[in-house]
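The questions below work through one model, from its cysteines to its empty spaces and backbone. Each answer ends on the item asked for.

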Amino acid sequence: MAVNKAELSKGTLVSLENQRDERRFQREREEKLSRVVEYAAENSPFYRKKLAEAGINPVKIKTLLDLPDLPFTTKEELRQAYPLKAQAAPDVEVVRVHSSSGTTGKPIIIPYTQYDVDTWAEMMARCLKMTGVNRLDRVQVTPGYGLWTAGIGFQAGVERLGAITIPTGPGNTEKQLEMMSDLGTSVLIGTSSYGLLLAEECSKRGIMDHLRLRIGVFGSERWGERMRARIEEIFAIDTFDIYGLTEIYGPGIAIDCPYHHGLHYWDDHLIFEVIDPATGKPVPDGIQGELVITTLTKQGMPLLRYRTRDLTRIITEPCPCGSPYPQIDRIFARTDDMIKIHGVNIYPGQIEHVLEITPGLSSEYEITITRKEGRDSLTIKVESQQSSGEWTDLEQSFARNIKTKIGISASCEVIGIGALKRSEKKTKRVYDLRESQL
Ligand code: ZN
């Protein structure tokens with residue numbers, strides 16, 4: 001089949017085609033903001049009550065400067081709105097629901113109109129296009145299908161772009177490898193944990209030569225640079241960090257471009273703000289804080305200033321790719337992941353950072369916290385490719401770096417590659433055994 005060049009370049013990096021008149025764009029964005037606030041106040045029982053209680057007159061929200069006047073929306077409030085009190089579109093227009101995982105308490109049910117489903121597919125297609133996926137690619141979608149948003153969200157984006165979906169869904173590694181090698185999968189989508197598991201498995205079985213993989217798109221859990229480097233090295237591919245959350249469409253609202261300077265997000269559909277999680281006050285651009293998202297065009301369940309609990313920062317430097325879509329940094333941590341140890345608040349991401357600056361350590365680690373005689377004790381197991389004769393030195397330098405960088409003492413244990421359990425979903429890295437010992 002003859003393929004002309006123009007056809008191929010459709011999937012390559014967006015740049016000039018996306019140039020926009022910034023003044024006009026921001027004016028339209030503010031119009032969308034003012035419309036969505038009025039729409040939510042009129043149509044969502046949840047927001048009608050919430051905005052009335054906060055004394056907000058929706059017509060007064062006209063510009064981005066008015067945004068901080070709106071109250072935040074929290075996950076807990078949406079749980080209390082179970083199942084559909086936050087729905088704004090009439091049933092006749094709703095075509096689908098999804099649900100958050102609900103691991104703690106009631107899940108959040110998210111209704112979508114056809115327009116929402118289309119918008120989501122469009123954003124996902126943009127994400128894939130940004131990574132360089134084109135219509136000739138074969139894209140293996142390993143996240144789950146069903147109430148969970150990931151699988152179907154990716155599939156819709158792949159189809160919108162015109163590439164081929166291989167909808168394997170999660171698990172069944174044998175089948176995954178068979179499809180990858182027999183169908184010549186060129187793009188792999190999943191959690192980074194599963195990406196690593198598949199990479200190690202392919203390497204172990206010596207089937208790398210049968211693969212045609214060139215791009216990996218991973219999301220749904222935070223993953224560090226070491227892990228990224230390891231997956232890229234084993235598979236010899238470029239990888240991309242895709243961001244999203246069930247409450248706001250699902251995955252596909254932000255992704256990094258081939259320059260990997262940060263994650264571009266779709267500001268024609270969303271407003272991203274970063275706030276100080278303790279005070280709720282906006283922080284200056286470039287400073288780390290909690291990401292807060294407002295949907296501008298969502299009909300089924302619009303969200304105003306939704307607190308994501310994800311910590312990041314707005315990147316102010318323009319990206320060399322030329323895309324006009326602004327960027328946030330990779331997610332540093334979730335506020336829920338904070339561990340208090342010896343009275344110091346730490347995030348697993350900080351330990352991961354120390355691991356990255358300590359030569360000789362690999363990507364996989366496990367943190368265990370115990371309490372003995374009233375004292376917290378932190379043990380970190382970490383994998384290394386080095387020979388076991390070097391492990392004692394590595395343990396010492398890792399512990400020293402943890403002390404200098406984070407200010408806490410930890411006992412470090414170096415183990416061989418593959419010693420820690422691999423996951424087909426998200427890797428559990430922190431085991432806090434203190435409560436069970438009380
Ligand atoms: Zn870029």
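Buried means under 20% relative accessible area, and exposed means over 50%. The model is predicted.

Q: Is Cys 127 buried or exposed?
A: The cut-off for a buried residue is under 20% relative accessible area. Cys 127 has a relative accessible area of 0%, so the residue is buried.

Q: How many disulfides does the structure hold?
A: A disulfide is a covalent bond between the sulfur atoms of two cysteines. The cut-off for such a pair is 2.5 Å. For Cys 127, the nearest cysteine sulfur belongs to Cys 257 and is 12 Å away, and Cys 127 is in no disulfide. The number of disulfides in the structure is zero.

Q: Which protein residues are the donors of the zinc ion?
A: A donor is an N, O or S atom within 2.8 Å of the metal. Protein atoms lying 2.1 to 2.4 Å from the zinc ion fill this role. One is a histidine NE2 and the others are cysteine SG atoms. The donor residues are Cys 257, His 264, Cys 319 and Cys 321.

Q: What is the geometry of the site of the zinc ion?
A: Four donors count as tetrahedral if all angles lie between 85 and 135 degrees. The angles among the four donor atoms here are 102 to 115°. The site is therefore tetrahedral.

Q: How are the donor residues of the zinc ion spaced in sequence?
A: Cys 257 is placed in the loop between β8 (250–256) and β9 (263–265). The donors, taken in sequence, are Cys 257, His 264, Cys 319 and Cys 321. Their spacing is C-x6-H-x54-C-x1-C.

Q: What is the relative accessibility of Cys 319?
A: Among the zinc donors, Cys 257 is buried at 0% relative accessible area, and Cys 321 is buried at 6%. Cys 319 also counts as buried, because its value is under 20%. The relative accessibility of Cys 319 is 9%.

Q: What distance separates the C-alpha atoms of Cys 257 and Met 130?
A: Along the chain these two residues are 127 residues apart. Cys 257 itself is in the loop between β8 and β9. The distance between the two C-alpha atoms is 5.5 Å.

Q: Which element supplies the largest share of the lining of the second largest pocket?
A: This pocket has a volume of about 510 Å³. Its lining has 21 residues, and the closest to its centre are Leu 64, Ile 271, Phe 272, Glu 273 and Asp 285. α2 (22–43) and β10 (270–275) each give at least two residues to the lining. The largest share, four residues, comes from β10.

Q: How many residues of the lining of the second largest pocket are charged?
A: The lining divides into three classes. Nonpolar residues number 14, and one residue is polar. The charged residues number six.

Q: What is the volume of the largest cavity?
A: The structure holds two cavities of 30 Å³ or more. Residues lining the largest cavity include Tyr 82, Pro 83, Ile 108 and Met 301. By class, this lining has nine nonpolar, one polar and one charged residues. The volume is about 40 Å³.

Q: Which helices each supply at least two residues of the lining of the second largest cavity?
A: The second largest cavity has a volume of about 30 Å³. Its lining is formed by Gly 224, Arg 226, Met 227, Glu 352, Leu 355, Ser 363, Tyr 365 and Arg 429. Three of these are nonpolar, two polar and three charged. The helices are α9 (225–235) and α10 (348–357).

Q: Is the peptide bond from Tyr 82 to Pro 83 cis or trans?
A: Most residues other than glycine have a negative phi, and most peptide bonds are trans. Pro 83 is in the loop between α4 (75–80) and β1 (94–99). Omega of the bond from Tyr 82 is near -5°, and the bond is cis.

Q: What is the phi of Ala 236?
A: Ala 236 lies in the loop between α9 and β7 (238–245). The residue is exposed because its relative accessible area is 62%. Asn 172, in the loop between β4 (164–166) and α7 (173–183), has a positive phi of about 50°. Ala 236 has a positive phi too, near 55°.

Notes. Residues are numbered from 1 along each chain as its sequence is written. This is a predicted model: local features need pLDDT of at least 70, side-chain atom pairs count only at pLDDT 80 or more; totals for chains, interfaces and linings use all residues. Side-chain values use heavy atoms; hydrogens and water are left out. Buried means under 20% relative accessible area, exposed over 50%, partly exposed in between (1.4 Å probe, protein chains only). Donors are N, O and S atoms within 2.8 Å of the metal (3.2 Å for Na, K and Ca); water is not among the atoms, so sites may look incomplete. Four donors count as tetrahedral if all angles lie between 85 and 135 degrees; four count as square planar and six as octahedral if opposite donors are over 155 degrees apart and all others between 65 and 115; anything else is irregular. On a 1 Å grid over the protein atoms alone, a cavity is a set of points where a 1.4 Å probe fits but cannot get out, and a pocket is an open set with protein on both sides within 12 Å along at least five of seven lines; lining residues have an atom within 4 Å of a point. Grid points are joined across faces, edges and corners, and a volume is the space filled by probe spheres set on the points. Ala, Val, Leu, Ile, Met, Phe, Trp, Tyr, Cys and Pro count as nonpolar, Asp, Glu, Lys and Arg as charged, and the others, Gly among them, as polar.
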